[in-house]
Amino acid sequence: MVVMKMKFPFQKRVKLAQGLWLLSWCATVAGATTFTLGCLLKTELRRRAEVMANTDIHIVPNTLMIVGLASLGINYFASKICQDALDAGRFPRWKNFLKPYFAVSCFFTVLMLLAIIMSYAMKGSLESSLKAGLRNGIRFYKDTDTPGRCFQKQNIDRLQMEFQCCGNNDFRDWFEIQWISNRYLDFSSTEVKNRIKSNVDGRYLVDGVPFSCCNPSSPRPCIQYRLTNNSAHYNYDYQTEELNIYLRGCREALVNYYMGLMNTIGAGVLSIFLLQGSVLVSLRFLQTAMEAVAGKENTEIETEGYLLEKGVKETVMEYLDPVLTFLLLKNKVEEGTAGETTTAPA
Amino acid sequence: MAVLKVKFTKTRRDKLAQILWILNWISVVTGVILFSLGLFLKVELKKREELMAEKDIQYVPNMLIAVGLIACAINFLGGKICYDCVDSTKFLRWKLIMLPYIVCTFFFTLCVLVGALMCYSMHWELEEALDLGLMQAMRFYKDTDMPGRCFLKHTVDTLQIQFQCCGNSGYKDWFQIQWISNRYLDMSKKEVVDRLRSNVEGKYLMDGVPFSCCNINSPRPCIQQQITNNSAHFNYEHQTEDQNLWMKGCRQALLEYYTHIMQSIGLTVLITWLFELSVLTGVRYLQTSLENVLRQGDPDSESDGWLLENSLMETARIIKSLGKSNQINTANNGDPNIDVPSTSKAHYGPDNVPPKEKMETS
């Protein structure tokens, strides 16, 4: 049962070959674009690597880069094949090459689609990675004298100013950790001693935030300390004040930024996926149409082209069989050797 | 005696014309580059016009834009001329225009040079403009409720954060102005009233700076208030502390930024000027050699090309005499037939006296 049979007179074959040549060069450029987009995304993710706990999300740009490189190769061969397709003398040398070529091309094209799906599906993983990373960043904010952590303060300050955010979920995260190092606390002062004593873990907690949380668009000078104390500042009500410091949490800001970036890239890669798919479909039609011409005297006859000779399920099994037998054979050999070792001592 | 005479065979003339055609098109591209550089500088200056006092510094980017456009036009025409010069018949079309064209282009290259020099001289005017502008901006920092000034706080804060600077010359400038609006001062508090009274003009001055002066690279949380009071903060000495706030003044930071841009632009314009001058020299040689070929009559023969037909002194004299002949014409109202009687007091004798024949007898 043939899938999608189409008639191809000579002129249509010629037009198909020419169109395919042009299309494959466009797809080569598109493949290079995919690679570039993957590199861009990876660079952006690496820039904020200090506030991410794990690098699981990097699988998306890595896949895009691999697919971009692979599509360069795929489309190069596609252009070469369609150049030779109309020449009856040169086409037969591609005969053995085409079956594995189509298998590999379909695999990488499907991988492209998978990359797009992953970029949406991995939002949760990105969010949890950022949550853990930011929590650590805020915790180690004061440790500017500990090697390995001495740049956390700088990174968090820069992050909060650039993304216009404060804290992990919001600014109250700063109330729960000690972000002023003991080196700068006067332990002879009663106020400091009282505050430390009143805390279970002996930490110096304040209802204040670092200066990087301050909003430059605020009409009044920034209020950083005693944020929840309305009487400490003139004409100030912290429940209604929204311009003083950034109210957004940095996790939300970063997730929005990266999801926006991945959405844009995903839209581009989707169109490249459609282009690549059309190249492969056209090449398949051209191949099957030209195969029918092979060996005939009159090369200008009308032929039929199709996508799959057998049905979808049978074709998939046909391709998977050698892979499975290879794997099963390996297992059989292993089982055999295991059996031998067990029977030997017996 | 011609200046820098060079012999040109027919092939050399043709090659010169072709090379000049290509060079003229490259010059069109450099003209476009000049135009875009002028546009870029204009945009950069406009971006921060709130921080610059009313000084006329826009003349530099305007000049660059004008020069760029004129360069495109002149070199486009030059390209056309050189393209036609390969064929000596087509050259006749342009023969009369070429000398005025060369003179105009020479003066234009002078304009390009002036433009390049202006880029370097803008430094002082810019410094003055920034000094005054920043002082005003800091004074109106607190006026976020006045229309027309309500965004100055935001502008100054983002400037200090972006350029990593504080105040006009340094952070101490903030001690001399009131940057906290009266709307946020509790007038019922004794401390506030005392501070206001202690100031001659009734301003609320303090030794504190806005949060945008804070240095990100500081290892300790930012100290913004009571900066000069060492005892107010633990383990703090304001004379030796240089990482707490940005030490650079915003005037210097902005000046460095704009000077860097203008030096790059000035260098590009100088290189363009040299390029234009060389193209002009080539066109002059082409013009003189083609004119000499026409004078000789044989289009395939060798001819001389030069920069000036006579030496520099003689050319200057010719230009002067051209000017003088204009003067004489205007004295007689332009009519040479009027007999103007001699008004000089010297007597040279009666007119129309035949010369005495002197016979030399040996």
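This is a short walk through a predicted model, with a suggestion at each stop for what to select next.

**Stop 1: the interface**

Start by colouring chain A and chain B separately and showing the residues where they touch. You should have 26 residues selected from chain A and 24 residues from chain B. Putting the chains together buries about 2,400 Å² between them, and carbon and sulfur atoms give 64% of that area. Now keep just the chain A side of the selection and colour by residue class: 13 residues facing chain B are nonpolar, seven are polar and six are charged.

What holds for polar contacts and salt bridges here? Seven residue pairs are in polar contact across the interface of chain A and chain B, counting pairs with both residues at pLDDT 80 or more. The count of salt bridges between chain A and chain B, on the other hand, is zero.

**Stop 2: chain B as a whole**

Hide chain A for a moment and switch chain B to cartoon. Chain B has seven helices and two strands. Follow the chain from its N terminus and the elements come in the order β-α-α-α-α-α-α-β-α. Chain B has 362 residues, and 42% of them are buried. Its accessible surface comes to about 21,100 Å², with carbon and sulfur atoms accounting for 60%. If you draw the contacts in chain B between residues at least 6 apart in sequence, 71% of them join residues at least 24 apart.

**Stop 3: strand β2 of chain B**

Next, select B:Asp304, which sits in strand β2 (residues 303–305) of chain B. Is this residue buried or exposed? B:Asp304 counts as buried, with a relative accessibility of 19%, because the cut-off for buried is under 20%.

Show the side chain of B:Lys7 as well: a polar contact of 3.1 Å joins it to the side chain of B:Asp304. Then expand the selection around B:Asp304. Beyond its neighbours within four places in sequence, B:Asp304 is in contact with B:Lys5, B:Val6 and B:Lys7, and also with B:Thr288, B:Ser289 and B:Asn292.

**Stop 4: two salt bridges in chain B**

Stay in chain B and select B:Asp84 and B:Arg93. They form a salt bridge, and the closest N and O atoms are 3.2 Å apart. The partners sit in contrasting surroundings: B:Asp84 is buried at 7% relative accessibility, whereas B:Arg93 is exposed at 57%.

Then move to helix α5 (residues 190–198) of chain B, where B:Asp194 and B:Lys190 are four residues apart and so separated by about one helical turn. Their side chains meet in a salt bridge of 3.0 Å, N to O. B:Lys190 is exposed, at 62% relative accessible area, and B:Asp194 is partly exposed, at 35%.

**Stop 5: a network in chain A**

Bring chain A back and select A:Lys5, A:Lys7 and A:Glu304, which are linked in a network of salt bridges. Measure from A:Lys5 to A:Glu304 in your viewer: the closest N and O atoms of this salt bridge are 3.7 Å apart. A:Lys5 lies in the segment before β1 (6–8) of chain A and A:Glu304 in strand β2 (residues 303–305), so the pair ties together parts that are 299 residues apart in sequence. A:Glu304 is partly exposed, with a relative accessible area of 32%.

To finish, zoom out and show every salt bridge at once: the whole structure has 28 over all chains.

Note on methods: Residues are numbered from 1 along each chain as its sequence is written. Chains are lettered from A and ligands numbered from 1 in the order in which they are written. This is a predicted model: local features need pLDDT of at least 70, side-chain atom pairs count only at pLDDT 80 or more; totals for chains, interfaces and linings use all residues. Side-chain values use heavy atoms; hydrogens and water are left out. Contact means heavy atoms within 4.5 Å. Buried area is the accessible area (1.4 Å probe) that two parts lose on being put together, summed over both. A salt bridge is a side-chain nitrogen of Lys or Arg within 4 Å of a carboxyl oxygen of Asp or Glu. A polar contact is a pair of N or O atoms within 3.5 Å; within protein, one must be able to donate a hydrogen and the other to accept it, and residues adjacent in sequence count only if both atoms are side-chain atoms. Ala, Val, Leu, Ile, Met, Phe, Trp, Tyr, Cys and Pro count as nonpolar, Asp, Glu, Lys and Arg as charged, and the others, Gly among them, as polar. Buried means under 20% relative accessible area, exposed over 50%, partly exposed in between (1.4 Å probe, protein chains only). Accessible areas come from the Shrake-Rupley method with a 1.4 Å probe; for residues, only the protein chains shown count as cover.
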